[in-house]
Structures are given as C-alpha cells and as structure tokens.
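User: Please take a close look at one part of this protein, a pair of packed helices, and then at a few places elsewhere in the chain for context.

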Amino acid sequence: MRHIFNLILLFVFVCNIAIADEGVEDRRKALLSVIDEEYREISRLSKKVVGKDPTLLLRMAELMLEKARLIKDAELADYLRINPSERGGINKNQYHQKSRSYFSNAQKICAHLLNTYRNFDNKGDVYYVMGYNAKEFNDRKKAITYFQQALKYGARKPELRRRTQLVLAEMYYVDGNYKKAIPMYEQALGGKRDKWWTKDSYNLAWCYFRVNRTQKSISLMKEVLTYSKTPGYIDVSKQVERDMPYIYTESGNVSESIQYFKNKNADVTSNLIKIAQHLKARGKYDKAIATLATAKNSASSPDEKADVVVEELKTYEKKGDYKNHLRACQELADLKKNNGLKKEIDDVLMYHVQSMAAKTQREVTSSQTANKLQRRKVMANLSVAYFALLSDLDLSKSHLHDFHAAETLFAAGEFQRSLEYYQKAESKAKERNDSKIVALAQQGILAAVGNSGVSKQTKDKYLVEIYEDYLKSNPNSKKSYKMYQHLFSAYYDRTDIPNAERTLLTFKKAWPTAHSVQEAMLAKIMDYYKKQNDRENIRSWVARIGNGEFKVSPQYAKKVNLLMMTMQFEGTEKALSKGDKVYALKGYVDIYRDKNSSDEARKNAAYNIAYLFYQLPNLDKMGQWSIRSLEMMDGEDIKKFQNSFLAMATLAHDKRKEQLAHDIHYNVLSKTCSLKAAYNGDLLRNIVIIQLSQNKVDEAINYISKFDNCNIAADTLSDVKLKIVQHVSEGKRYSVIQEVVDKFSNDKSLWGHMIEPLFTLRGELTSSSEKQEMENRIYAYFNHAKSSGEVPVGALNVVAHLKLIRLEQMISGFTSIKLAFPEKTYSALLGQKLNELNNITTKALEILTTGSGKGIVASYKALVESYQQLIDEVKNFIPPNTDNDYLASFKNGMLKVTGPLESKVAEFRREANKHIVQSEILSDYNRFFMKANSPGFNVMYFPDDAVIMDRGGVR
C-alpha cells in the first residue's frame, strides 16, 4: 500500500515539473487528472476490503476536498470572465454547484468514518478535512469547532498540529479575535521556519499590536523584515515598511516614525499625513490630530503646510469639533492671504467654510435646539464666524454672507448683535445695487429692533424713524400690521402718549377689524392715565368705548367699568383701610344712591355696606343690606362672596336670628344652584339644620327635593339626609320616622343608618308577619351596608339583638329537654341535648361575626350558660334504682362528657375577656365575665343608678 502511495506522489511531482511553464488552466486539468487517477486506485483498494479500511476512506475524503478546491477555482475564473455589468444579476452560487457536490461528498465520507470508526487513530486528520470543508462552505463557526477537534485528536502528530494551529490562528486573526490567535501562532511558529513563516509572523505581529503589546509587535516586525529579504521566504517587506510607521505613531512614538522615514529618505510630511488618514479611518481622531501637528511642524513649505491643514479640516469635520475646524479654516485662509493656495486647496477651503456655515446655521434654526439655549448660542457664534470668513474669502458675495450671519443671530434670539450684520449687509448691498438684499436687510432691522434684548438706546436710534417712513408708504401692507404695534410701543415707552394715541387711531383706520390689538393699545393708554390719576382722560376713553367707537370684548368692557368703579370707590376704600368704618359706610351709601353709579357699582356698594354692618356688628342692618345685595347679584357674583355670606348667616344663626340665617342661605343657594360653587353643599346642610332646629321636618325634606340638582356632591346630599334621619329617630315620632325612611330608602348609602329607625318601627308593630317583614328589611339593609364597609355601631347592635332573640329561643328549647332513665332513653336525650348545644354554638358564633360588641359579650354569656346548664344537669343526675357500683361507674363515664364541656366554658370565658379588653367593649354582661378573670383595669358596676362624674372622669 505504501509503495502505491509513493509512486503516486512521484508521478505528481514529475507532472508538476512538466507543466510548470504551461498555463494555469492546463496545470489545473493535470492536477485533476492525477487526483482522479489516485481516487480510482484508492476506491478500488477500498472495495477490495468492502470499505472497511478507515485509512483509505480518509484518503478518499482528502482527494474529494482537493478536487473540490480545484474545481471551485475554475468556476470562479469562469464567473469573473462575465461582463461586470451582467455579473450583478447572476446568482454566484450557481457557478459553484459542482464544487459544492464534491465538498459535500468529502464531508459525508468523513462523517461516515467518524460514526463507524470511533477509535480511528487518524481522527485528527478527519476533523482537519471536515474543518476545511466547513471553511469552504463559509461556516466559520463549525470550521473552528472541527479544527479544534483536529488539534485535540492530532496532538501527537506535529505536522497536523502545526497546520491546524496555523489555520485556526488565521481564522481568529481574520475575525479580529487576536487574543485567541496569538497562542496559536506562537505554538505553530515556534518549532519550524518554512517559507510562509514571514507571512504568518507578520499576522502575529499585528495581533501583538492589537492587544497593546507594542514593543513585541515592533520587534517581530523587524525580524519579519529581515527574513523577507532572505531567499526561501515569502517577501512581505512592502507591507512591513508600510505599517511600521503607523505602528510607531499609534503607539505614541511619532519621533520613531519620523526617524524611520528619514532613514529611508522618504517625505516625512506626506507620510505622516497618510498615517493620520489611516488613524482617522479607524476613528482615532485625537491621535490623527496629534500626528498632523507633528506633520505641520515638519512641513518645509507653505504648500506642504496647507496640505496638512486640509487634512486637519477633514479630521475635525469627522470628529465634529467645530471650534478647531473653524480655527483650521482661518489658518488656511491666512495661508491663502499671505502665500496663496493651489486651486484644489482653495476649493477645499471654500467647500468646508460654506458647508460648515450652512450646517451650523441649520442647527441654530432646528427645532431640536429650540430648548437648548446654550447649544444654540454656541452654534450661532460658530455660524457667524464661518459667514464672516466667507465674507472675506468671497468678496463678490460679501453682502450676502453678512446677511446670512444676521439671519442666524436673529434666529438665535441675538437681536442686538444681528443689527450690526444687517447694517453691513444693507450697506454693501447698496454698493452692489442688490435691491433684494437691501429690502431684506431693512426688514431684518425692523424685525430685530422690535424684539427683546435690544437696548433702549438702539431702539430709539432706529425704531420710530424706520417705522414712520415705512408706514407712510405702506399703511395697509401685511408687514404694517406688526409695525403699527411696534411704533405704538416705541411711543408708549417714551411716554409720548399723544403720538401713541395717534398711532392707535391710524392703526384702527388701517386695520378696522383687528379689535384685539386695538383693545391691547387701549389698555396701555388707560393704564397710563390710571397711574397719573387722570380721571378726565379715563372718562373720555370710557365714553368712546361706550358709544361704540371701539369694539372691545365683554371682558375688557367689564374691566373698564371696574376701573371707573375702582376710582369711584377709592376714597371710601382709603377710609376703610384706616379703620374709619362710619365714613366708609357713608361713602358706600352715597355710591348706592348716586343716579350716575352703574349697576355694578351699586351692587358692590350694597355688598360692602352689608359686610361693614356684619363687622360692627348690626344684625338688622346687615340682614337688610345682605338680602338687597343678594337680589342684585347673579350666581357668579355670589360665588365670589360665598365665604362672606356664609359668615353673615353663621353670625345670624349664633345670635338666634334663625329666619335671617335661613334667608341668606336660601338666597345664596338659589342663585348658585346651577353653578359648581364650593359651598353649595354647606348651604343646603345649614338650611336643613335650621329647619330641624325648629322641628320643621317636612320643610327640611322639601328643601332636599328642591335643591337636589344644585351640583351638590352625592355624599354631601346623603349626609344632609342622614341628619334628618337622625333627628326623627331621636324624636321617637313613629309616623315621621316611617315617612323619612320611606322617602330616603332609595339612597342605599343611608341603609346602615336606617337600621335603628327600622328597629324602632318594628317595636310598634303587633303582627308577627309584619315584624318578620321588618326584620327581613333590617337584614337586607345590614348586608348592603356591611358590603360597602359602612355600618354604624347602633346598627350592629340591632342586628345582634335580633339574632340573640333567635338564640334565646333555641336555648329555651334546649333547657326544656330533661335527662331521664332508663339508660337507652338517657343516651338518646343526652345526644339530643348535645346536638342542640352544637346548634346553639353555631348560632352564637354567627352573632360574633356581626361585629357588635354587646352582641359578642351576650353571645359568649349565652354559650357559657348553656354549656354550664348541661354540665350541671349531667353532674347532678342520679340514675334511679341503681347500686353504688353502677352509680360510681356512671359518674366516671359522664366525666368524658362534662370534661370537654368544662374546657369549652373556660375557653369561652377567656375569649370573652379578650374581646372585652382588646375591643374596649362596654356591656351590661361584662361583669358576668369580669368576676372570673380580671381584665387588667379597675371596673366598677352601678347597675341601678347613674353616676355623676366630673370632667376628669372621677366619680
């Protein structure tokens, strides 16, 4: 077998020599022929052993792989011969179908080999073939896995191990996984130096560099350079010489790079620029900039320096460093001014300045910087600097660049600064006869000067003259609308009120329907006259508004009337502020009686009079004037003064002037009923309380119906109804109770509070069916109230009382059962009593769940007494006609019955005491339990008579 392989290898070697000078295609065909011949021979040998020689199978897989690779090269050559314009529409995979079939066959043979011969000595070679197959299929993850297996199983085969390590190292290197690539390269390259050592070591040097082992990288690069120039090694010297300066520079040794270039007599500046470009491409802007700084220092001419600055421009642009980009532009502009620039450099400069001016301006005007004032300010300053630079570089359009600078400042809210550039633009545009920019600059001045941030001195300089001139020629133009307003403000700020009034009238003529603007101007004029206390001019303008010369909003008309009224009230208010209530009263009465007073003034005077009488106090006068002012006011007016009217009504109530209190409440609520007034609920509550205090239940009920829709909160309305329910319950008037309960029964929030009145009504019923019906109603109300979480204590006690009645009936039946002999009868009766006792216990525990403290104590009392009754009866029972031995046995047997019952009695007593203490229950039955167990505090019982106590609770 070995002899056949040696012959085949010799044949291949000879063929290779024979075809060395022939074309690639011929060599490929020759190799394929050799592979096919060897494959047929290997296949023949494998068939002889029925495919059971794993070594032959491995060789077949290797040959399939080699054939697939050669065919793939041919397919790729065919694909590349296609015209590039047509190649784009062709699926490249179609050209690799044949080679893929051989790759697949090789993979199948390997998979079969691994599955069949699990202990095959050359398993590492199999995995190596599979790794190459996976690599050809571009399945890098699977390929790495196979190669790792090849490394594992081929550990004792140095050549296989080395080849596998190199393949893995290269794959890790391509993937950028340098930490994994390094040990693979180191192990593979440590023992042997073949012709590929330079290429693989070059990759290893880059791996060292990528993991910051810079010195090791440089050292290996130098070694690779030496061997590259030695016969028998792959020459990668060009790559090393290209990369060494870059490695020096990126590691911070720029001086080494410079020395490297000098040693090679290379152009230092241009090569440093290339390194900087490479650093920039990798996003290492700071290192690129530092490299360019060194390059600039090494530049030997203005042109070289300009080349460096151009690269700086591009780097700062990439980095987004606008400030330094601008500095570089200015530096390049200085070079142009002093030495001139090559055209291509000049074009680059103009492009950068123009594009950056536009870019920074766009950011200033972008909505994204609207709320980032500091950022917008910085961008505005940069943009203006770029436009200023453009203005110097491009003199033919200097006026246009100044105008753009002004517009940028305007957009940034820098109105004062924008004026300077608008002026420059206007002046230069006039020199160049550019009327469009002249007009735009003038409009910019007009717009800027009227904004905030512009000093008064600047406004005075420009505003009035510009506006007046413009409005004379364009009184009705679209821009005049705003200009009139600015002109009015300018005159007003100068306190030139006559001209401000003239501007108002001119604006009204030009824009007759702009009522809101006219109103704003009027307001300023009126404010001025108010500050001057000029009543004559105020009355004059109020009259002009009143006769319809100016159309104003109802709100402003009201404000104007209020202004007049305020002035009318001034003297009275001053007297009041000094505490002279008598003088103030006289003043308000005079205003009320004055025929020239407006309804608003008279209404306010009446209210103030009422309130002054409330403060004095004089209840009769307060009542007269409060009712009078209430009659004059509408709901909105009253809503403002609800607090005051409530205070007046409270005073009347405190002084037992119930009717006056009622009248004030009633008048207020009647007028605020349809409004969402804060105190409507309090008003209704007070009205009802006043009626109840006079025992006018029907009137109180009628008021609830009358004011049911007055925007009163449902809980407040329920609270008012509850007061009526509580009032009639306390009065024990059964017919009235029945009427109120029926009237308010639709308000389920009151059901818990109606349980006690219903229980009172039940006491008056004679029919058992009616009593039961009322009892059912009580339970229904209780269940609803309990589910809503609002059950009064009294209601809990009522329900507990009703259940206790049923419990007492059960206890009565229980005690009526008497034990008797013979023994069979005794057992039956005892069982019956125990069953009844169980029912009593269940019923008692049900009462506990009501939550009534009295019910809880009474239930435990009933349980203790029932259990004790049975205990006593059993203990005291003596079977008739029995001897002493039987009696003793009987008594001993009954201990099994009484023992657990006595334990339950003790337990019930403990639980009762616990409830009494923890829940602080006060019940007539507390003493029943306290005798047995002290609750931990002193308790004294006075069952017959009440006890007089002082405020401290001492008897």
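Analyst: The helix pair comes first, followed by a single helix and a single residue. The model is predicted.

Two packed helices are described by the angle between their axes and the distance between the axes. Helix α41 (residues 793-816) packs against helix α42 (residues 823-848) at an angle of about 170°, and the axes lie 10 Å apart. Angles over 145 degrees count as roughly antiparallel, so α41 is roughly antiparallel to α42. On the α41 side, the contact is made by Ala-800, Lys-803, Leu-804, Arg-806, Leu-807, Met-810, Ile-811, Phe-814 and Thr-815. The α42 side supplies Lys-833, Glu-836, Leu-837, Asn-839, Ile-840, Lys-843, Ala-844, Glu-846 and Ile-847. Sorted by class, this contact has 10 nonpolar, 6 charged and 2 polar residues.

Helix α19 (residues 373-393) has 21 residues, which at 1.5 Å a residue should span 30 Å; the end C-alpha atoms are 30 Å apart, so the two values agree. Buried residues in α19 include Arg-376, Met-379, Leu-382, Tyr-386, Phe-387 and Leu-393. Among the elements covering the buried residues of α19 are α17 (322-339), α18 (343-365), α20 (398-411) and α21 (415-431).

Thr-672 belongs to helix α34 (residues 658-672). Its relative accessibility is 0%, so Thr-672 counts as buried. With neighbours within four places in sequence left aside, Thr-672 is in contact with Gly-635, Ile-638, Lys-639, Gln-642, Ala-677, Asn-680 and Leu-683.

Note on methods. Residues numbered from 1 in each chain as written. Predicted model: local features only at pLDDT ≥ 70, side-chain atom pairs only at ≥ 80, totals over all residues. Heavy atoms only, no water. Axes fitted to C-alpha atoms, helices over the stretch in contact; angles between N-to-C directions. Helix = DSSP H or I, 4+ residues; strand = E, 2+ residues; numbered from the N terminus. Parallel < 35°, antiparallel > 145°, perpendicular 65-115°, else oblique. Contact = heavy atoms within 4.5 Å. Nonpolar A, V, L, I, M, F, W, Y, C, P; charged D, E, K, R; others polar. Expected span 1.5 Å × (residues − 1). Buried < 20%, exposed > 50% of the residue type's maximum accessible area, 1.4 Å probe, protein only.
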